[in-house]
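Could you walk me through this model, from its sheet to its helix and its charged pairs? Let's take it step by step, with the structure open beside the text.

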Amino acid sequence: MSKEKKPDSVVYDEETGKYNAALLPYASGVGAPKITTPDITSWKQSNINKVNHEFKSQFDQLKAQYEAMVSKFEANQLVYGSRFSFEPIVGETYHLYRDKKQNTFLSVIAPHECNWDFVGSFRLSSEKIWELVS
């Protein structure tokens, strides 16, 4: 063994040139207790399950919002693509029908007042978005 090299059981910092056993955050003596890392696999697994459940619920919520938006978009495409010869009033309910050539048209006449092929009833919102009326 060389003069400068210390045995493994001696905690000596060669950079500072000092013994630093008292400064270490862990026991460094030969008789010190064994350092073991705790088994955290069960903790990890339970938290992974919780996080995955949270992500799935957020995804399902976003998917429902997306599907509602697509449904509104398709309804607006249907109504705005139909034939009508009047300016709709905001807040009023209008009824969408199909003619014999399967072309859609918008009317103020309610379904119980006629025998046309009824598609749906829609109300125009203040944002000029057609909303399906149940």
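The paragraphs below go through the sheet, the helix and the salt bridges in turn.

Please keep in mind that this is a predicted model. A good place to start is the open sheet, where four strands line up in the order β4-β3-β5-β6 with antiparallel pairing. At its edges are β4 (104-107) and β6 (130-133), each of which has a pairing partner on one side only. If you look from strand to strand, neighbours in this sheet are turned against each other by 35° on average, direction ignored.

Now zoom in on β3. Strand β3, residues 93-98, runs antiparallel to β5, residues 117-124, and six bridges join the two. With β4, β3 pairs over four bridges, again in the antiparallel sense. Histidine 95 is a handy landmark here: it stands opposite serine 121 in β5, and it also stands opposite serine 107 in β4. The β3 and β4 strands form a hairpin, with five residues between them. If you check backbone torsions, have a look at glutamine 102 in that turn, which has a positive phi of about 65°.

Next comes the helix that packs on this sheet. Helix α1 covers residues 41-80 and touches β3, β4, β5 and β6. Its direction makes about 105° with that of β5. Does the length of α1 fit what one expects, or not? At 1.5 Å a residue, its 40 residues should span 58 Å, and the end C-alpha atoms are 57 Å apart, so the two values agree.

Which residues of α1 are buried? Among them are Ala75, Asn76 and Val79. The buried residues of this helix pack against β3, β4, β5 and β6. Elsewhere in α1 you will find lysine 44, which is partly exposed because its relative accessible area, 46%, falls between the 20% and 50% cut-offs. The C-alpha atom of lysine 44 is separated by 42 Å from that of lysine 5, although the two are 39 residues apart along the chain.

Let's finish with the charged pairs. Side chains of opposite charge can pair when their charged atoms come close. How many salt bridges does the model have? The count comes to two.

One of the salt bridges joins lysine 56 and aspartate 60, with the closest N and O atoms 3.0 Å apart. Why can these two meet within α1? They are four residues apart in the helix, so about one helical turn separates them. An α-helix has 3.6 residues a turn, so residues three or four places apart point the same way. Aspartate 60 counts as partly exposed, at 34% relative accessibility.

In another salt bridge, the side chains of aspartate 99 and arginine 83 meet at 3.5 Å, N to O. This pair links distant parts of the chain, with its residues 16 apart: aspartate 99 belongs to the loop between β3 and β4, and arginine 83 to the loop between α1 and β3. Aspartate 99 is partly exposed, with a relative accessible area of 21%. Arginine 83 is partly exposed too, at 49%.

Notes
Residues numbered from 1 in each chain as written. Predicted model: local features only at pLDDT ≥ 70, side-chain atom pairs only at ≥ 80, totals over all residues. Heavy atoms only, no water. Pairing = 2+ DSSP bridges. Axes fitted to C-alpha atoms, helices over the stretch in contact; angles between N-to-C directions. Contact = heavy atoms within 4.5 Å. Buried < 20%, exposed > 50% of the residue type's maximum accessible area, 1.4 Å probe, protein only. Salt bridge = Lys/Arg side-chain N within 4 Å of Asp/Glu carboxyl O. Expected span 1.5 Å × (residues − 1).
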